[in-house]
Amino acid sequence: MRAFTRRSMLRGGAVALPFAALAACSNDEPPKPAFVEPDDERVAAAEAARNPGRVREFQLNATAAAVDLGGLVVPTWSYGGTVPGAAIRVAKGEQVKAVLVNDLPEPTTVHWHGLQLRCDADGVPDLTQAPIAPGASFTYQFTAPDAGTYWFHPHTGTQLDRGLYAPLIVDDPDEPVDWDLEWTVVLDDWMDGVTGTPDDVLDQLRAGMSMDHGGMDMGLMTDGHMLMGASSDLLGDDAGDVYYPHHLVNGRLPADPEVFEADPGARVRIRFINAGGDTAYRVALSGHRLTVTHTDGFPCVPAEADAVLIGMGERYDAVVTLGDGVFALVAEAEGKQMRGRALVRTGSGEAPATDFAPAELTGHVLAYDELAPAEAVALEAREPDRTIDLELTGSMGEYDWAINGRPHDLDNPYAVEEGERVRLRFTNDGHMWHPMHLHGHTFALAGTGLRKDTAIVLPGRTLEVDFDAVNPGRWMVHCHNLYHGEAGMMSVIGYRD
Ligand code: C2O
Ligand code: CU
C-alpha cells in the first residue's frame with residue numbers, strides 16, 4: 001500500500017518546480033542522503049518483528065462541540081465530545097486500530113505519544129502522513145509494544161491546546177499487581193473558548209512583547225494571553241509565558257472537581273499525564289507521600305516524594321496507600337500561582353477549600369537524578385556510535401524558537417543508521433526550560449539511565465540522552481511546549497536508507 005509519499009506531497013505534481021529543484025533531481029548532482037520513508041518495507045519489517053497481536057478497534061470522532069468543564073460550558077474541539085477523550089486501553093502486543101473521523105473545520109492527525117510504533121502511524125502531517133482533511137477519515141493501525149501510560153493528541157497546528165487529548169494505557173498481563181485501584185489523572189491548562197483560542201495565543205506570542213518591563217522584576221503580570229514573571233525555583237525565572245484562566249484535572253475546574261472514591265487503606269496506582277500547552281505541574285496529594293514507579297510509561301526503581309514536577313508531555317505513575325478522610329490532589333501550575341485539583345474521598349469530612357495548597361507541594365520534589373530505571377528496562381551499557389548536537393535556540397522576545405537555529409526543519413533530518421546507539425545532546429543556553437520529546441523511541445538519560453521519551457532541559461544546562469536506533473523511519477524531536485514547537489523548535493531524526 002502506498003497511500004502517501006512524502007516526496008509527492010511536498011513537491012506535488014500540480015506545483016511548478018523552481019529550476020533549482022529540477023536541477024537537484026538531475027543525474028549530475030551528488031545524491032542527497034536518502035532516508036527511510038514511512039512506507040518503506042523496513043518500517044513494515046520492524047512492525048512484523050513486534051509480532052502484532054489481536055486487533056482492538058476504536059472509533060475517534062474529532063469534533064467541534066460544547067464541553068462542560070464543571071459549571072463552565074465552553075465551545076472547543078475534542079475527541080467524542082468529552083475532555084479528556086475516552087481512554088484507549090490495550091494489552092502489550094495488541095494492535096490498536098483506530099478510525100479517526102475528522103469533523104473539525106481544519107485538517108488534523110493523531111500522534112500516539114511515547115509509543116515505539118511503526119513510523120507510518122506516528123501521525124505527523126507532511127512527515128509520516130498527509131493531513132486528514134475535514135470530513136475525511138483515516139485508519140491508524142499499529143502494535144503497542146511496551147506497557148505503560150501513554151496518550152494521544154493531534155500533531156497539527158495548535159490543536160493540542162484545545163480539548164483534543166486522551167490517555168492510551170497499555171497493560172502488561174504479566175505485571176505483578178500490588179495495587180487495588182487505578183486512577184488516570186490528566187492535567188491541562190485551559191483557555192480555549194474562554195479567553196480566546198490557541199491560534200490567538202500563538203499570534204500574540206509571535207507579535208512579541210507589547211510591554212517593556214526592562215528586565216525589572218515586577219512579579220507576575222498578564223498582558224492579554226501573555227504572562228510575565230512566572231518564576232520557579234525548579235525551572236528558572238521563566239516557567240511559562242501563556243496565561244490560562246483555568247487549570248483542569250480530568251477536564252474539571254477546581255470548584256467542581258472529580259471525586260475519586262475508595263476505601264481507606266486502598267492502594268491506588270495513579271497515572272499522571274501532563275497534556276498542557278505551556279504549563280508544568282507540580283502535583284501532590286494532601287496527607288500522602290507518592291511512591292513513583294514509572295517515568296513516561298517505563299518502570300523505575302520506586303522512589304518516594306512529597307511532590308512530582310511534570311513537564312508537558314511527561315507522565316509519571318505513582319502508588320499511594322490512602323488514608324481516611326477527604327484529600328485534595330493538587331496540580332500547581334509551576335510559577336503561575338494557580339492550581340487545578342481533584343478530590344479523593346475515603347471517609348467523611350469536608351472537602352478543603354478550592355484554593356487549598358497542601359504542604360506537600362513545598363516538600364521534597366523528586367528530581368531526575370534520584371530516579372533509576374528498573375533493571376528489566378535499563379539499556380545495556382554501550383558507548384554511543386554517534387552524537388547529535390541539538391542546541392535549543394531562540395528567545396521569548398523574538399519568539400524564534402528553533403533547533404540549531406533552523407526553525408521547523410523537517411526536510412533535513414539528522415542521520416542515524418539502524419543498529420546504532422545514538423546520543424542526543426541538548427544544549428540550552430537560553431532563559432527558558434524546554435520539555436524535549438523524541439518520537440518512536442524511549443531514550444535513557446545519560447548518567448542514570450532513566451527511561452523517558454520527554455525530558456526537561458533546564459536553562460543553562462545540557463542534557464544527554466541515549467537511544468538504540470531500532471525503529472526505522474523519520475522521527476520528530478521537538479519541544480513539547482506547544483507554542484515553542486509551533487514557532488519552530490522541531491526537527492527530525494532520519495534513518496539512512
Ligand atoms: Cu506529544 Cu510530537 O508529541
Ligand atoms: Cu520549548
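So, C479 first: with a relative accessibility of 2%, this cysteine counts as buried, because the cut-off for that is under 20%. Keep in mind that we're looking at a predicted model here.

Why start with C479? C479 is one of the protein donors of the copper ion, ligand 2. Its SG atom does the job, and the other protein donors are H434 and H484, each through ND1. The distances to the copper ion run from 2.0 to 2.1 Å. If you follow the donors along the chain, the spacing reads H-x44-C-x4-H. And H484? Buried or exposed? H484 sits at 0% relative accessibility, so it counts as buried.

Okay, how far do we trust the chain? Mean pLDDT is 93 for the protein chain, and 92% of the residues get to 70 or more. The stretch to be careful with is residues 1-26, where pLDDT stays under 50. For that stretch the model has 27 contacts beyond four places in sequence.

Now the domains. The assignment gives us domain 1 at 19-171, domain 2 at 181-195 plus 243-375, and domain 3 at 378-495. Domain 2, as you can see, comes in two segments.

I want to spend a minute on domain 1 against domain 3. Taken over C-alpha atoms, their centres are 20 Å apart. How many residues of each are in contact? It's 29 from domain 1 with 29 from domain 3. People often describe the size of an interface by the accessible area lost when the parts come together. For this pair, the buried area is about 2300 Å², with 59% of it on carbon and sulfur atoms. On the domain 1 side, the residues losing the most area to domain 3 are F35, Q116 and L127, and together they account for 27% of what that side buries.

What about polar chemistry across that interface? There are 14 residue pairs in polar contact, both partners at pLDDT 80 or more. Salt bridges between domain 1 and domain 3 come to two. While we're on salt bridges, have a look at R42 and E418: their side chains pair up at 2.7 Å, N to O.

Zooming out, the whole structure has 38 salt bridges. Let me pull up a few more. D468 pairs with R421, at 2.5 Å from N to O. Then R382 with D385, where the closest N and O atoms are 2.7 Å apart. R382 is partly exposed at 34% relative accessibility, and D385 is partly exposed too, at 45%.

The other one I'd show you is R339 with E332, at 2.8 Å, N to O. Which side of the burial cut-off does each partner fall on? E332, at 16%, counts as buried because it is under 20%. R339, at 29%, counts as partly exposed, because that value lies between 20% and 50%.

So, to go back to where we came in: the copper ion has H434, C479 and H484 as its protein donors, and of these C479 counts as buried, as does H484. That's my bit, over to you.

Technical notes
Residues are numbered from 1 along each chain as its sequence is written. Chains are lettered from A and ligands numbered from 1 in the order in which they are written. Side-chain values use heavy atoms; hydrogens and water are left out. Donors are N, O and S atoms within 2.8 Å of the metal (3.2 Å for Na, K and Ca); water is not among the atoms, so sites may look incomplete. Buried means under 20% relative accessible area, exposed over 50%, partly exposed in between (1.4 Å probe, protein chains only). pLDDT is the predictor's confidence in each residue, from 0 to 100. Contact means heavy atoms within 4.5 Å. Domain bounds come from an automatic or database domain assignment. Buried area is the accessible area (1.4 Å probe) that two parts lose on being put together, summed over both. A salt bridge is a side-chain nitrogen of Lys or Arg within 4 Å of a carboxyl oxygen of Asp or Glu. A polar contact is a pair of N or O atoms within 3.5 Å; within protein, one must be able to donate a hydrogen and the other to accept it, and residues adjacent in sequence count only if both atoms are side-chain atoms.
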